[in-house]
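Please look through the structure below with the sequence beside it. The text that follows takes a few places in turn.

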Amino acid sequence: MQICRLGPERLKGALDLVWEVFEEYEAPDYEEMGVKTFRHFIEYSSIVQKVNAGEMKFWGCYQNNYLIGVIAIREGQHISLLFVRGKFHRLGAASMLVNVAIASIASANPSTPVVTVNSSPYAVGFYKAVGFEPIDEEQKRDGIRYTPMRRPLKM
């Protein structure tokens, strides 16, 4: 597996992967409003503006030139998206993506104390396994269910 930074030219494919995996693993746990909110959040026109402005950074995980996973960070220390195709779950791709994102955060601002994520119900166990801890109960906003979590930047 190979991880590389994704520029605007690769965002469409990355966002297609995000939507595909969301539909399969996340959407069944969300009400219609949550699905619409998420779909709106990942619209290419909005995301590409954020990437071009430096507000979001994306990385992709490839296996034999095939995109199998995506991670994005925003606000300098917040994991905003992490999605891996189902047939590649439990092979280390998500952990590799998290490690690359954390290394980028540490490099850009070594004084950042924590990395944060609003985990979907499906991913809470994964995030706990890679060192994140819940900082509040599950919440819901605009139909999106999530658990706020954090991990010290340096472990």
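Thr 112 sits in the loop between H4 and E5. This is a predicted model, and every value given here is computed from it. Is Thr 112 buried or exposed? Its relative accessible area is 11%, and the cut-off for buried is under 20%, so Thr 112 counts as buried. A polar atom of the Thr 112 side chain lies 3.0 Å from the backbone oxygen of Asn 109. Leaving out residues up to four places away in sequence, Thr 112 touches Gln 77, Ile 105 and Leu 153.

One of these residues, Leu 153, also belongs to a nonpolar core of 25 residues. Trp 59, Ile 102 and Ala 123 are included in that core as well, and it is separate from the largest one.

The largest nonpolar core has 28 residues. Which of them touch the most other members? They are Phe 38, Phe 58, Leu 81 and Phe 83. Several elements each supply at least two residues of this core: helices H1 (8–26) and H3 (44–52), along with strands E1 (2–6), E2 (56–63), E3 (66–74), E4 (78–84) and E8 (144–152). H1 gives the most, with nine residues.

Phe 83 can be followed further. Apart from its neighbours within four places in sequence, Phe 83 is in contact with Leu 17, Val 18, Val 21, Phe 22, Glu 26, Phe 38, Ile 68, Gly 69 and Val 70.

The next stop is Arg 85, in the loop between E4 and helix H4 (93–108). With a relative accessible area of 12%, which is under the 20% cut-off, Arg 85 is also buried. Its side chain makes a polar contact of 3.2 Å with the side chain of Tyr 66. Beyond four places in sequence, the contacts of Arg 85 are Leu 17, Glu 20, Val 21, Tyr 66, Leu 67 and Ile 68.

Last comes the largest pocket, which holds about 1,100 Å³ of space. Its lining is made of 37 residues, and those nearest its centre are Glu 26, Leu 82, Phe 83, Asn 118 and Ser 120. Phe 83 therefore appears both in this lining and in the largest nonpolar core, where buried residues are joined through side-chain atoms. Which element gives the most to the lining of the largest pocket? E4 does, with seven residues. By class, the lining has 22 nonpolar, nine polar and six charged residues.

How values were computed. Residues are numbered from 1 along each chain as its sequence is written. This is a predicted model: local features need pLDDT of at least 70, side-chain atom pairs count only at pLDDT 80 or more; totals for chains, interfaces and linings use all residues. Side-chain values use heavy atoms; hydrogens and water are left out. A nonpolar core is a set of buried Ala, Val, Leu, Ile, Met, Phe, Trp, Tyr and Cys residues joined through side-chain atoms within 4.5 Å. Buried means under 20% relative accessible area, exposed over 50%, partly exposed in between (1.4 Å probe, protein chains only). Helices (H or I, at least four residues) and strands (E, at least two) are DSSP runs, numbered from the N terminus. Contact means heavy atoms within 4.5 Å. A polar contact is a pair of N or O atoms within 3.5 Å; within protein, one must be able to donate a hydrogen and the other to accept it, and residues adjacent in sequence count only if both atoms are side-chain atoms. On a 1 Å grid over the protein atoms alone, a cavity is a set of points where a 1.4 Å probe fits but cannot get out, and a pocket is an open set with protein on both sides within 12 Å along at least five of seven lines; lining residues have an atom within 4 Å of a point. Grid points are joined across faces, edges and corners, and a volume is the space filled by probe spheres set on the points. Ala, Val, Leu, Ile, Met, Phe, Trp, Tyr, Cys and Pro count as nonpolar, Asp, Glu, Lys and Arg as charged, and the others, Gly among them, as polar.
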